[in-house]
Amino acid sequence: MASWSEFAADEPRLADGIRLLLQQYGPGFGYLATVRADGGPRVHPVCPVITDEGLFCFVVDSPKRRDLERDGRYALHSFPPEESDDEAYVAGRAQLVTDPARVARVARIGRAAPQVDWRLFEFSVDVAMLTRHDQGGLGPSGEGQGRPGVQVWLDPGAAHCGGDAAGVPDRRPARHGRHGFDTRRPAA
């Protein structure tokens, strides 16, 4: 699983676009999807913190924290902008951050109140997606006009539905991956 920093180094423009949507109102704001104990989804508003070190979220004692502690799978979606339907999506695994120096650095950046019972999680990036609805056409001659521009990044080090570790294509019928879409198909 890639860290936010590894993803941003691999796809800086995509990472910048996602960061802008998550931080469009100042501090980070988005919707966090977690997996309940019964396997169902749970969605919560959160304030993610993006630094040069990674993508983080302070989570108070709540069902979402218990979900992340039990099953670290997550999906983070941006809040919709007022002027467009653009959207950003990141999914992967959440890992509890236990290094006190790192927690303190991110707490300073994120202005996390020290008296609150929160824990810091770092979010890895398996999948990142940015959808722009104001493209006015995807190609040089306007082909695809009216269709959104979609960019998708899949962690090259993660096992996805497109093949095995040796790069052998998966010949089975298309199957939707754990994030709800067939990762073997082109995005747009």
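**Entry 1: helix α2**

I started with helix α2, where R13 and L20 are exposed on the other side from the buried residues L14, A15, G17, I18, L21 and L22. Those buried residues fall on the same side of α2, because they cover an arc of only 160 degrees around its axis, the arc being that of the directions from the helix axis to the C-beta atoms. I use buried for a relative accessible area under 20%, exposed for over 50% and partly exposed for values in between, with a 1.4 Å probe and protein chains only. As a reminder to myself, an α-helix has 3.6 residues a turn, so residues three or four places apart point the same way.

Before going on, I noted that this is a predicted model, in which local features need pLDDT of at least 70 and side-chain atom pairs count only at pLDDT 80 or more, while totals for chains, interfaces and linings use all residues. I also noted that residues are numbered from 1 along each chain as its sequence is written, and that side-chain values use heavy atoms, with hydrogens and water left out.

What packs over the buried side of α2? I found that the cover includes α1 (4–10), β3, β5, β6, β8 (127–132) and β9 (149–154), taking contact as heavy atoms within 4.5 Å.

**Entry 2: the chain as a whole**

I listed 4 helices and 9 strands in the protein chain, assigned as DSSP runs numbered from the N terminus, with helices being H or I of at least four residues and strands being E of at least two. From the N terminus on, I read the order of elements as α-α-β-β-β-β-α-β-β-α-β-β-β. Buried residues make up 42% of the 188 residues, and among contacts between residues at least 6 apart in sequence, 61% join residues at least 24 apart.

**Entry 3: helix α3**

In α3 (residues 63–70) I looked up the buried residues and found K64, R65, D67 and L68. These lie on the same side of α3, because the arc they cover around the axis is only 155 degrees. Their packing partners are β1 (30–35), β2 (41–46), β4 (55–60), β5 (73–78), β6 (87–96) and β7 (118–123).

**Entry 4: two residues of β6**

I then compared two positions in strand β6, E87 and V90. E87 is partly exposed at a relative accessible area of 25%, whereas V90 is buried at 1%. Leaving aside neighbours within four places in sequence, E87 is in contact with L21, H77, S78, M129, L130, T131 and H133, while the contacts of V90, with the same neighbours left out, are W4, I18, L55, Y74, A75, L76, V125, V127 and A128. C-alpha to C-alpha, I have E87 at 8.0 Å from I18, with their positions 69 residues apart in sequence, and V90 at 6.6 Å from H77, 13 residues apart in sequence.

**Entry 5: the cysteines**

How many disulfides does the structure hold? I counted 0, a disulfide being a pair of cysteine sulfur atoms within 2.5 Å. The sulfur of C47 has its closest cysteine sulfur in C57, at 7.4 Å, which is too far for a bond. C57 is accordingly in no disulfide; C57 is buried at 0% relative accessibility, whereas C47 is partly exposed at 47%.

**Entry 6: the largest pocket**

I took the volume of the largest pocket as about 270 Å³. On a 1 Å grid over the protein atoms alone, a pocket is an open set of points where a 1.4 Å probe fits, with protein on both sides within 12 Å along at least five of seven lines, and lining residues have an atom within 4 Å of a point. Of the 13 residues in the lining, P27, G28, V49, I109 and G110 are the closest to the centre. The elements that give two or more residues to this lining are β3 (49–50) and α4 (100–110). I sorted the lining into 9 nonpolar, 3 polar and 1 charged, where Ala, Val, Leu, Ile, Met, Phe, Trp, Tyr, Cys and Pro count as nonpolar, Asp, Glu, Lys and Arg as charged, and the others, Gly among them, as polar.

**Entry 7: two remaining positions**

I noted R111 for its positive phi of about 55 degrees although it is not a glycine. R111 sits in the loop between α4 and β7 and is exposed at 77% relative accessibility.

Lastly I checked S3, placed in the segment before α1 and buried at 19%. Not counting residues up to four places away in sequence, S3 touches E122 and V125.

Definitions and conventions:
Grid points are joined across faces, edges and corners, and a volume is the space filled by probe spheres set on the points.
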